[in-house]
Amino acid sequence: DRNRLQDELKVERNAVAAIDEEMRTLFNDRNRLQEELKVEREAKNDKMQDVGTTNLAVKKFQQVERELREARVQMKKLEKQKSKLKKENWDLEIAFMEQV
């Protein structure tokens, strides 16, 4: 009977040792997966930061384009004013010449 109990105890100890080994394996797997997840999150954050930087650059580019369009419109208005002033200047010069 004692031998049977020793054999059962040995089997139980082996089962506990196997469970401990499985737990170590699972713990190591969990740590490895957590590290992989951390790396993936960092990569995702880097990509999001790149996207954010790109979006910011696109918005800045669009703003510059808008300002450029507005400047072109303003230049056309100024060119029209300049042309009008030149015409008025010529008219004044002609009127002055006719006076002299």
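**Exercise 1. Work out where M97 sits, whether M97 is buried or exposed, and which surface patch M97 belongs to.**

Step 1: place the residue. In this predicted model, M97 is part of helix 1.

Step 2: check the accessibility. M97 has a relative accessible area of 60%, and the cut-off for exposed is over 50%, so M97 counts as exposed.

Step 3: look for partners. M97 joins F96 and V100 in a nonpolar patch on the surface. Together these residues have about 390 Å² of accessible area.

**Exercise 2. Decide whether the protein is a compact globule or more spread out.**

Step 1: list the secondary structure. There is one helix and there are zero strands.

Step 2: compare the radius of gyration with the globule rule. For 100 residues the rule gives 13 Å, and the protein comes in at 42 Å, well over that, so the protein is more spread out than a compact globule.

Step 3: look at the box. Along the principal axes, the C-alpha atoms fill roughly 145 × 10 × 5 Å.

Step 4: turn to burial and surface. Of the 100 residues, 0% count as buried. The protein exposes about 10,100 Å², with 57% of that supplied by carbon and sulfur atoms.

**Exercise 3. Find how far apart A57 and E36 are in space, then do the same for S83 and Q62.**

Step 1: take A57, which lies in helix 1 (residues 2-99). Its relative accessible area is 45%, so A57 is partly exposed. A57 and E36 are separated by 21 residues in sequence, and their C-alpha atoms are 31 Å apart.

Step 2: take S83, also found in helix 1. S83 is partly exposed, at 46% relative accessibility. Between S83 and Q62 there are again 21 residues in sequence and 31 Å from C-alpha to C-alpha.

**Exercise 4. Sort out the charges: how many side chains are positive and how many negative, and which residues gather in a patch of negative charge?**

Step 1: count. The protein carries 23 positive and 22 negative side chains, and the centres of the two sets are 7 Å apart.

Step 2: find the patch. E35, E42, D46 and D50 come together on the surface as a patch of negative charge.

Step 3: zoom in on one member. E35 lies in helix 1 and is partly exposed, with a relative accessible area of 44%.

**Exercise 5. Say how many salt bridges the structure holds, and go through D1 with R4, R32 with D29, and K87 with D91.**

Step 1: recall the principle. Oppositely charged side chains can pair when their charged atoms come close.

Step 2: get the total. The structure holds six salt bridges.

Step 3: start with D1 and R4. Their closest N and O atoms are 2.8 Å apart. D1 is exposed at 67% relative accessible area, while R4 is partly exposed at 44%.

Step 4: move on to R32 and D29. Here the closest N and O atoms are 3.8 Å apart. Both residues lie in helix 1, three residues apart, about one turn of the helix. R32 is partly exposed at 42%, and D29 is partly exposed at 29%.

Step 5: finish with K87 and D91. Their side chains meet at 3.3 Å, N to O. Both residues are in helix 1, four residues apart, about one turn of the helix. K87 counts as exposed at 53%, and D91 as partly exposed at 40%.

Step 6: look for a network. D1, R4 and E8 are joined into one by salt bridges that share partners.

Terms used: Residues numbered from 1 in each chain as written. Predicted model: local features only at pLDDT ≥ 70, side-chain atom pairs only at ≥ 80, totals over all residues. Heavy atoms only, no water. Helix = DSSP H or I, 4+ residues; strand = E, 2+ residues; numbered from the N terminus. Rg over C-alpha atoms; globule rule 2.2 N^0.38 Å. Buried < 20%, exposed > 50% of the residue type's maximum accessible area, 1.4 Å probe, protein only. Areas by Shrake-Rupley, 256 points an atom, 1.4 Å probe, with all protein chains shown as cover. Lys, Arg positive; Asp, Glu negative; His and termini not counted. Charge placed at Lys NZ, Arg CZ, Asp CG, Glu CD. Patch = residues over 30% accessible without salt bridge, like charges linked within 9 Å, V, L, I, M, F, W, Y side chains within 5 Å. Salt bridge = Lys/Arg side-chain N within 4 Å of Asp/Glu carboxyl O.
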